[in-house]
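Here is a short walk through one chain and its ligand. Have the sequence and the model open side by side as you read.

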Amino acid sequence: MNHPIEIYDLHKTFANGVIALESVNLEIEEGEIFALLGPNGAGKTTLIKIICGLSTVSSGNISVMGLDIDRHYKEVRKLIGLVPQELHTDMFETVWDTVCFTRGLFGLPKNDRLVQVLLRELSLWEKRGEIMANLSGGMKRRVLIAKALAHEPKILFLDEPTAGVDVELRQDMWGLIRSYKKRGVTTILTTHFIDEAEELSDRVGIINKGKLVLVEDKKSLVSKLGKKQMILKLSSPISYLPEIFNEFKIEIKNSGEILEYTMPDTDQGERVSKLIKMLETQEIHFKNIETIQSSLEDIFVRLVSKK
Ligand SMILES: Nc1ncnc2c1ncn2[C@@H]1O[C@H](COP(=O)(O)OP(=O)(O)O)[C@@H](O)[C@H]1O
Ligand SMILES: [Mg+2]
């Protein structure tokens, strides 16, 4: 079985010489929510535009549902719903017509029932007769989502769906993305909000300066790369630790009030008990212990700042 999307050795250099994507290889799994996470200018929009046929590759191969995106441009476009990063629609068209128009564009018959359901789900029903120019930014974004879904795509792309939207729309959007996953839609979203990737995705790809630095199952990413630390608040400050503690990775912080122990991945607790016993023997007393697991955010910052 083909993956819904397969990308092999993709390169993109713009006419002005900017290298936007370099050696990108990626396979998207059927029905997953894949979050493409990266700072501004990383190449997220370029990658989406290329898959959707809105920009060309410099080299490489891409297929969507087993179809080459160049040779089968029209069929591929029909399989995809795209919510673009920038809002551009005909400002004098009504919400209803804007959404209906998309079906016609893909050669599909009218389906008023479906458009009605979409508009209701997106809280746009009351606004159906309004022209686009009269809508707020958040409402316009909702219309773009309805538009992307009007031709019942198998694959949905959302390019920074929640950039500049209010909290309420953000929650609605997340709910909607989850509900489409339940209906079997494969979703690729780009974001520079780490919490969004953490909240929604099954897998995360981190892109930086045109390179896909990492692709990983979200849960294993956090457990594999996330540092686990134990923070001990001491009863009285110390200025140094005896040499026998050199076998542990410990830092003294807050003028000697805190010991920060970074646990090795393999630690099942034995090292922790040993450390605590040794502290007791050395009469270094503590009043509080806390363990912390680093989040996707820490991992992201580490990976992106390293490059
Ligand atoms: N049409 C274009 N012509 C030249 N350079 C471009 C064009 N579009 C994007 N770029 C450049 O390509 C890089 C990636 O941009 P983009 O894909 O928009 O990043 P992101 O969506 O991750 O913020 C940036 O350096 C950007 O300036
Ligand atoms: Mg972008």
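The notes below go from the overall layout to the ligand shell, then to a helix and a hairpin.

Keep in mind that this is a predicted model. The domain assignment divides the chain into domain 1 (5–223) and domain 2 (227–293). Between the C-alpha centres of domain 1 and domain 2 there are 47 Å.

Now to the ligand. Around ligand 1 you will find Phe14, Asn16, Val18, Ala20, Gly38, Asn40, Gly41, Ala42, Gly43, Lys44, Thr45 and Thr46. By character, this shell holds four nonpolar residues, seven polar ones and one charged one. Which helix gives the largest share of the shell around ligand 1? That is α1 (residues 44–51), which supplies three residues.

Helix α1 deserves a closer look. Its buried residues are Lys44, Thr45, Thr46, Leu47, Ile48, Ile50 and Ile51. Because seven of the eight residues of α1 are buried, the helix is largely enclosed by the rest of the structure. Just past the end of α1 comes Gly53, with a positive phi of about 80°.

Finally, the hairpin. Strands β9 (residues 203–208) and β10 (residues 211–217) run antiparallel and are joined by six bridges. Gly205, for instance, has Val215 in β10 as its bridge partner. Two residues lie between the strands of this hairpin, and Lys209 takes a positive phi near 50° there.

The two positive phi values sit together in this table.

| Residue | Place | Phi |
|---|---|---|
| Gly53 | just after α1 | about 80° |
| Lys209 | hairpin of β9 and β10 | near 50° |

Terms used: Residues are numbered from 1 along each chain as its sequence is written. Chains are lettered from A and ligands numbered from 1 in the order in which they are written. This is a predicted model: local features need pLDDT of at least 70, side-chain atom pairs count only at pLDDT 80 or more; totals for chains, interfaces and linings use all residues. Two strands pair if DSSP finds at least two bridges between them. Helices (H or I, at least four residues) and strands (E, at least two) are DSSP runs, numbered from the N terminus. A residue is near a molecule or strand if its C-beta atom, placed from the backbone, lies within 6 Å of it. Ala, Val, Leu, Ile, Met, Phe, Trp, Tyr, Cys and Pro count as nonpolar, Asp, Glu, Lys and Arg as charged, and the others, Gly among them, as polar. A residue is buried if 20 or more other C-beta atoms lie within 10 Å of its own, exposed if 12 or fewer, and partly exposed in between; C-beta atoms are placed from the backbone. Domain bounds come from an automatic or database domain assignment.
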